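Good morning, everyone, and thank you for making time for this. Please have the sequence and the model open in front of you while I talk.

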Amino acid sequence: MTRVFVLLTALALAGCVPSALAPVSSADGVGGGETIIVGRVELVPPLRKGEQRLTAMGTGSYQNLMLLLTGERDRPLPTDPKIADYADRIEAPLGSHFFVRTRSAPFYIHGGIVFLDMGSSMNRAHFPGGIRVALKEGDRAVYIGTLRYHRNEFFDITDVQVVDEYAAANAEYSKKFGNGVALRKALMTLPKSGPGRAKRVALAPN
Amino acid sequence: MKRFWIVPALIALWLLAACSSGGHGRSVDDPSNSLVFGFIDMADAPTKINGASIMQVAPPTDKPYWGMDVRNGLLYTYYLPPGSYQLASISGSSFWRGDHRYNFPRQGNDQAVRIGKPGIYFLGSYRYKGVKTGFFEGGKFDIERVNTPTEAELLRRILEEDSTLKGTAWEAKIRQRLSQLK
């Protein structure tokens with residue numbers, strides 16, 4: 001029963017949900033009114049061996065991957081995201097730059113999801129959002145920065161930072177797309193209150 | 001409010017048995033052992049508890065699940081080496097409702113402990129609360145902290161009900177802890 005449930009979830013994510021923002025590998029695939037966004041997500045410390053236990057069939061693609069749920073309006077990441085909430089997600093391989101295309105308009109990152117268990121049980125970690133990405137009409141390629149989540153062994157998020165690693169990102173971008181279109185820097189902005197900072201770690205006394 | 005998943009499954013108990021083992025071959029008197037214990041009142045749950053496992057989240061290990069002894073809502077293990085742990089699942093069965101496994105979340109799990117030095121660690125006492133879900137949704141539950149039974153009451157139960165502890169180092173350690181709690 002458990003495996004069936006997890007398999008259904010995996011199949012739903014793979015097949016039935018609205019598509020993710022499409023990854024791009026050349027500027028040719030980017031239409032008018034679209035922008036290539038370049039960014040990175042980093043966990044500190046990174047996922048260790050055994051922290052993700054994805055044993056159900058078809059779930060291997062979620063290994064070392066964070067799903068960034070996005071939308072035009074700012075809203076909190078739902079506790080139990082519905083299938084529709086995964087529309088226009090960014091599938092960000094942890095620690096590597098992502099290159100995806102989207103409409104040339106500002107949007108929000110509602111938060112991130114990393115699947116921790118998909119097998120005998122289903123478990124995921126949520127990462128706070130409320131993060132604004134300031135795309136503008138006419139943007140062709142925009143660097144939005146590295147979203148760095150600090151966490152402990154219980155996946156409590158202790159800090160969130162946006163880090164500027166433009167030089168490295170631009171070098172990778174130029175290698176991939178050439179020098180025809182400049183990569184504009186417009187770093188993501190965190191909400192003023194700070195998303196989910198320094199969450200309490202509940203530990204037994206003694 | 002945190003939500004936890006319930007998995008009614010015949011295979012669940014087998015999985016629990018297969019994935020966890022009580023002491024991982026450690027001696028009950030190993031001086032690096034810690035006793036970790038807690039209580040869950042399952043009066044409102046579909047089943048009572050007859051199995052439980054705690055997950056080692058640090059340091060990394062290939063065998064993260066440790067089985068716990070279960071006695072009428074009381075959960076405990078006295079084999080844990082220093083590290084970080086959180087309650088992973090409890091399981092139970094009843095004639096009418098079948099086998100259930102109640103999975104705890106890996107994130108935001110208050111039933112967690114970071115063991116720096118060997119000792120006695122109380123996870124707390126909790127009460128099961130059902131959560132209404134849609135027809136096609138998996139079952140969910142919540143647990144809320146309660147004041148009773150107290151740490152001292154549960155330690156007394158461990159001493160009285162677990163005959164295997166008699167004559168071990170734990171008997172003296174638990175009595176010492178009880179004297180501190182008075």
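Leaving aside residues up to four places away in sequence, B:N33 touches B:R26, B:S27, B:V28, B:Y78, B:Y79, B:L80, B:P118, B:G119 and B:W170. I should say at once that this is a predicted model, and I will keep to what has been computed from it. B:N33 sits in the loop between α1 (10–19) and β2 of chain B, and with a relative accessible area of 0% this residue is buried. Two of its neighbours also meet its side chain through backbone oxygens: that of B:S27 is reached at 2.8 Å, while that of B:Y78 lies 3.2 Å from a polar atom of the side chain.

Let me turn now to helix α2 of chain B, residues 151–161, where B:E151, B:A152, B:L154, B:L155, B:R157, B:I158 and B:L159 are buried. What do the buried residues of α2(B) pack against? They pack against β2 (34–41), β4 (65–71), β5 (74–80), β9 (120–131) and α3 (169–181), which belong to chain B.

The last of these deserves a closer look, since the axes of α2(B) and α3(B) come within 10 Å and cross at roughly 155 degrees, and therefore α2(B) is roughly antiparallel to α3(B). The crossing itself is left-handed. On the α2(B) side, B:E151, B:A152, B:L155, B:R156, B:I158 and B:L159 meet B:E171, B:I174, B:R175, B:R177, B:L178 and B:L181 of α3(B), and sorted by class this contact has seven nonpolar, five charged and no polar residues.

Definitions and conventions: Residues numbered from 1 in each chain as written. Chains lettered and ligands numbered in written order. Predicted model: local features only at pLDDT ≥ 70, side-chain atom pairs only at ≥ 80, totals over all residues. Heavy atoms only, no water. Buried < 20%, exposed > 50% of the residue type's maximum accessible area, 1.4 Å probe, protein only. Helix = DSSP H or I, 4+ residues; strand = E, 2+ residues; numbered from the N terminus. Contact = heavy atoms within 4.5 Å. Polar contact = N/O pair within 3.5 Å; in protein donor to acceptor, adjacent residues only side chain to side chain. Axes fitted to C-alpha atoms, helices over the stretch in contact; angles between N-to-C directions. Parallel < 35°, antiparallel > 145°, perpendicular 65-115°, else oblique. Left-handed = near helix turned anticlockwise from the far one by under 90°. Nonpolar A, V, L, I, M, F, W, Y, C, P; charged D, E, K, R; others polar.
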